[in-house]
Amino acid sequence: MNDLIAKLNKALKFGGFSVPREGTMRHENEAAILDAATKMLRKSETGAGLLDWAQANSLEMHVLRNKDSFGFLPGKSVVYISAPAGQQMPTVRAVIHLAGALRQAQQEQTPGLERPTTARIGKERYIRTFVDKDMDALYYQTAVVHELFEATHLGEIIDEFERMGYISLYEAYKEDLRSGAS
Amino acid sequence: MMILNWQKLDRKKTGEIINRVSQTPDGPLFSTTTSEATIAPLPFYRGFMLVRLTNYATLPSFTLDFLSDGSAFYLLDGAPDPLQKVAMRGGLILSDHNVADYVEFFFKHVTTEEGDIYLIHNPEDMPFLDSLSLDQQIQIKRAHTDVAVAYDRDNDYFLVQSDMYFAGTLLKATMTVQPDGQIEVTDHAMLIGSNGGQGHNNGYYA
């Protein structure tokens, strides 16, 4: 417990690291985070497919200084993941977030999953589209987690998915594959 | 719990803020057509406000928070340093009445490698309460005390006592808050033990 409080106090302390220059929102460890994440993502078939698609479509990938989030900026062809400043982002977290962000970008070229450009399609259909997009991205993240675990037996990626609240999806995905194979 | 009074800015002001803050080597992350700027005063800052930029073109919507005096914009990026910068510029005015709000704000915008930190104002509002056993839920509600604040004149700092959640652990913690906004946990005890009973302390809550 005292170790935990020591870690907490270290994180709360002012001036604990060098602040990136003003005017940039990019994380100081962006290159290292992306390098580790893309290398690991490529070990999964689904992840490799997303990376190949991103390369073919000249998508940029960035790590922003922010609390955990990820997404796609359609006007800029930029996918982003985020990590708090001054912290190393666990690679397994970066991989899962990057897979989600890349799939969100890919949805723009997937019939039925494009981002609605107007709310005039009606509230119900507008919400339905965003729910479908969300579920689709989550399905890809689950596939990546499963394939990576099968390929590397890296338990941390399952732990991270559980921390994100999606372990039941992972179990359901695994069960689906098992019943489909039998 | 602090309730923020958000005000939406018009498109012109939103555009000005976007131009000011979104200069990156990759170009602006926000556009005036798909983004919204809102501001909220904070009770412990003088001359600085919380500015929130939201880009609704992304899924989920992309949000960045800043502290600003209208000319400087300090991105709240999960580290404590932006809050330090504002304090160094004389923007932080702490008192008995606002120091608990400051601690809550600080924890909301500073993240640790072990995860987020939550002050617990009301156990009923804890998002993870349902994941605990009924016995643990009862123990937490029994052990819970409201946030308490005191000013230590001899040492010139505030003492804030509160229940908090950090790294999967429920704690009763005593924090010192310096006039410059620096926070340190100086004493703690488990709010409940692993068996659901009240936890042991490290000397303070005897």
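Q: Where should I begin: is A:Tyr80 buried or exposed, and why?
A: A:Tyr80 is buried, because 27 other C-beta atoms lie within 10 Å. The rule behind this calls a residue buried if 20 or more other C-beta atoms lie within 10 Å of its own, exposed if 12 or fewer, and partly exposed in between, with the C-beta atoms placed from the backbone. Please keep in mind that this is a predicted model, in which local features need pLDDT of at least 70 and side-chain atom pairs count only at pLDDT 80 or more, while totals for chains, interfaces and linings use all residues. Residues are numbered from 1 along each chain as its sequence is written, and chains are lettered from A and ligands numbered from 1 in the order in which they are written.

Q: Which residues does A:Tyr80 touch?
A: Two residues are in contact if their C-beta atoms, placed from the backbone, lie within 7 Å. Leaving aside residues up to four places away in sequence, A:Tyr80 touches A:His62, A:Leu64, A:Phe70, A:Gly71, A:Leu73 and A:Ala101. A:Ser69 is 11 residues away along the chain, and its C-alpha atom is separated from that of A:Tyr80 by 8.2 Å.

Q: In which strand is A:Tyr80 found, and which residues of that strand are buried on each side?
A: In a regular strand the side chains alternate between the two faces of the sheet. A:Tyr80 belongs to strand β3 of chain A, where helices (H or I, at least four residues) and strands (E, at least two) are DSSP runs numbered from the N terminus. This strand covers residues 78–83, and 6 of its 6 residues are buried. A:Val78, A:Tyr80 and A:Ser82 lie on one side of β3(A), with A:Val79, A:Ile81 and A:Ala83 on the other, so that both faces are covered, as the definition of a buried residue lets us say.

Q: How do I read the pairing of β3(A) with strand β1 of chain A and strand β2 of chain A?
A: Strands of a sheet pair through backbone hydrogen bonds, either parallel or antiparallel. Two strands count as paired if DSSP finds at least two bridges between them. Here β1(A), residues 60–65, runs parallel to β3(A) and is joined to it by 6 bridges; A:Val63 stands opposite A:Ile81, and A:Arg65 has A:Ala83 as its bridge partner. Strand β2(A), residues 70–73, pairs with β3(A) in the antiparallel sense over 4 bridges, with A:Leu73 partnered by A:Val78. β2(A) and β3(A) form a hairpin with 4 residues between them, and A:Ser77 in the turn has a positive phi of about 55°.

Q: What is the order of the strands in this sheet, and which helix lies across β1 and β3 of chain A?
A: The sheet is open, has 3 strands in the order β1-β3-β2 (chain A), and shows mixed pairing. Its edge strands are β1 and β2 of chain A, each of which pairs on one side only. Helix α2 of chain A, residues 30–41, lies across β1 and β3 of chain A and runs at about 125° to β1(A); axes are lines fitted to C-alpha atoms, for helices over the stretch in contact, and angles run from 0 to 180 degrees between N-to-C directions.

Q: Which residues of the largest nonpolar core touch the most other members?
A: In soluble globular proteins, nonpolar side chains tend to be buried together. A nonpolar core is a set of buried Ala, Val, Leu, Ile, Met, Phe, Trp, Tyr and Cys residues joined through C-beta atoms within 7 Å. The largest one here has 89 residues, and those touching the most other members are A:Val95, A:Leu98, A:Ala99, A:Ala101, A:Val144, B:Val103 and B:Val177. Helix α4 of chain A, residues 91–107, gives the most to this core, with 9 residues. Beyond four places in sequence, A:Val144 has contacts that include A:Leu41, A:Val95, A:Ile96 and A:Ala99.

Q: How many residues of chain B are in contact with chain A?
A: 33 residues of chain B are in contact with 36 residues of chain A. On the chain B side, β4 (62–68), α2 (81–88) and β10 (183–190) each supply at least two residues, and β10(B) gives the most, with 4 residues.

Q: How is chain B divided into domains, and why is α2(B) described as largely enclosed?
A: Domain bounds come from an automatic or database domain assignment, and in chain B they give domain 1 (7–88) and domain 2 (104–190). The C-alpha centres of these domains lie 27 Å apart, and 9 residues of domain 1 are in contact with 7 residues of domain 2. The largest share of the domain 1 side, 3 residues, comes from α2(B). 6 of the 8 residues of α2(B) are buried, so this helix is largely enclosed by the rest of the structure. Its buried residues, among them B:Leu83 and B:Val86, pack against β4, β5 (73–75) and α3 (99–109) of chain B.
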